[in-house]
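Dear colleague,

Please find below the structure I promised to hand over, followed by an account of what was found in it. Could you read the account with the structure open beside you?

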Amino acid sequence: MSRAMRRRSPAGASPAPVRLPRAVRAAGVVVAELARRVRRYAWPSTAGSRNRVYLRDRLVALPLLSVVAFGSLGWAYADGRDDTAQVRDRLAPALVQLANARASLFIAHGEAVRNLADGRTAGISGLGERYRTRVARATQSLNQVSRSGALTVAEEQELRVVSALVVDYTGWIGRAQGHAGDPVLRDAELTYARSMLCSAPVAAPDARDRDPSCRPGTGAGATAIVDRVSLLERHLGERLAGRAAWGTGVPAAAATGATALVLFTGGLWRTVSFLRRRFRIRLSLPLAAAALPLLAVPLLTADALLAQHARAAAVPVADALAHRTSPATETIAEERPFDGPDPWAVAVLGDRVDEELDEGRLAFLDGVAPFVFPAGLVCAGLVGGSLHAYRREYLVVARPGAAV
């Protein structure tokens, strides 16, 4: 009975515990063999090794390490340079122009209200020179944001809506000017024009300001000009902060490239020493030429770190452009140009972010990023070609019985 029960036992029940250890042992053997081969190719020992075997291993390892090192470092460096260019040429100028447009519209509205309250109705000049200048400046700033290339397709459409609202806003100001003799109509039209700027009413303490601004609204009712401009500023600020952050790709590529570069440098030095001892070659010119691009690595590293620090320093300035600028500050800066710059003026913040980004780079390295990876390919070609030539020459001249 027990013999029959043993025959009927499932076939898959007992081998399962045995298969797992075998799979683990097989995986361990494969990993150990791969590690041994990687170590042999990346860092072989010169003691007791044959010349032919050592040169063959170097012929495989060094060009591969050169490609990996310069490819990874070149990608990380080019990505950092591209981030800096995006912040300097697109995101930061767009944020400056949006802050300019928002402040200019509030200043223009304050000028229109004061001039109409004083009874100035003689054509467009009744609204004042500052009104015309500020409306033109706001329109120009919005156009420059559109041409900056910093916006997505959806944000471009949102900006077109803002530009159309500015045109409608100036139309309502013109209607209020036409009804300047009727205080009821005039105030109603000015109130409606103000509602196109702000979805939220001005708070009581802010009503005493010369050019009162408003907080941007949120939610479904946030459709005014300030709400839409603030939304664009928030999106651009988030993208700028994303460009300033390290992320995951760049550190991983930099770590991979640095590891491969250390192995390549050490392997190249050991190969030169091997050729001097075994082949009596005092200086291999191709290998020396292949080592020259290594001299640029510290400069590229310093430039990348400076650029990242500059992008990080631009983040609080971008936040100040969106939240610390005000029409009152811009009015004072315009009326008192010799009193000293206000630290929260739009022009001052724009100059500050430009200075941070200009100082955060080594100018003589501009345009070098596309050539980092090709330099690695040239190094790989020089090393591979020279070692192949030495190996062929050695195999030809080796005498019978020599240690090859």
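**Aromatic pairs and charges over rings**

Tyr 192 counts as partly exposed, since its relative accessibility is 43%, where buried means under 20% relative accessible area, exposed over 50% and partly exposed in between, using a 1.4 Å probe and protein chains only. Please keep in mind that this is a predicted model, in which local features need pLDDT of at least 70 and side-chain atom pairs count only at pLDDT 80 or more, while totals for chains, interfaces and linings use all residues. Residues are numbered from 1 along each chain as its sequence is written, and side-chain values use heavy atoms, with hydrogens and water left out.

Rings of Phe, Tyr and Trp (for Trp, the six-membered ring) are paired if their centres lie within 6.5 Å, and planes under 30 degrees apart count as stacked, those over 60 as edge-to-face and the rest as tilted. By this rule there are 3 aromatic pairs. One of them joins Trp 172 to Tyr 192, with ring centres 4.6 Å apart and planes at 55 degrees, so this pair is tilted. Trp 172 belongs to helix α5 (residues 153-178) and Tyr 192 to helix α6, so the pair ties together parts that are 20 residues apart in sequence; helices here are DSSP runs (H or I, at least four residues) numbered from the N terminus. Trp 172, like its partner, is partly exposed, with a relative accessible area of 26%.

The pair of Phe 274 and Phe 279 is also tilted, because the ring centres are 6.2 Å apart and the planes stand at 50 degrees. Phe 274 is buried at 0% relative accessibility, whereas Phe 279 is partly exposed, at 21%. Together with Tyr 54, these two phenylalanines form one aromatic cluster.

Two arginines are placed over aromatic rings, the criterion being that NZ of Lys or CZ of Arg is within 6 Å of the ring centre and within 35 degrees of the ring normal. Arg 175 has its charged end over the ring of Trp 172, 4.5 Å from the centre, and Arg 58 lies over the face of Tyr 54, at 5.8 Å from the ring centre.

**The disulfide**

The structure holds 1 disulfide, defined as a pair of cysteine sulfur atoms within 2.5 Å. Its partners are Cys 198 and Cys 214, whose sulfur atoms are 1.9 Å apart. The torsion about their S-S bond is about -90 degrees, so the disulfide is left-handed. Both cysteines lie in the loop between α6 (183-197) and α7 (225-244), so the bond ties together parts that are 16 residues apart in sequence. Cys 198 is buried at 5% relative accessibility, and Cys 214 is buried at 13%. Cys 379 is buried as well, with a relative accessible area of 1%.

**Two helices with a buried face**

Helix α4 (residues 129-147) has 19 residues, which at 1.5 Å a residue should span 27 Å, and its end C-alpha atoms are indeed 27 Å apart; the expected span is 1.5 Å times one less than the number of residues. The buried residues of α4 are Arg 130, Tyr 131, Arg 134, Val 135, Ala 138, Ser 141, Leu 142 and Val 145. These residues cover an arc of only 130 degrees around the axis, which puts them on the same side of α4, the arc being that of the directions from the helix axis to the C-beta atoms. The face turned away from that buried side carries the exposed residues Glu 129 and Arg 147, while the elements that cover the buried residues include α3, α5 and α11, where contact means heavy atoms within 4.5 Å.

Helix α12 (residues 346-359) has 14 residues, and its end C-alpha atoms are 20 Å apart, in agreement with the expected 20 Å. Its buried residues are Val 346, Leu 349, Gly 350, Val 353 and Leu 357. Seen down the axis, they fall within an arc of 100 degrees, so they line one face of α12. Ala 347 and Glu 359 are exposed on the other side, and the buried residues pack against α3 (51-117), α10 (297-323) and α11 (327-335).

**Positive phi values**

Most residues other than glycine have a negative phi. Arg 280, however, has a positive phi near 60 degrees; it is found in the loop between α8 (249-278) and α9 (285-291) and counts as exposed, at 65% relative accessibility. Gly 149, just after α4, also takes a positive phi, of about 80 degrees.

With best wishes

Notes:
Helix = DSSP H or I, 4+ residues; strand = E, 2+ residues; numbered from the N terminus.
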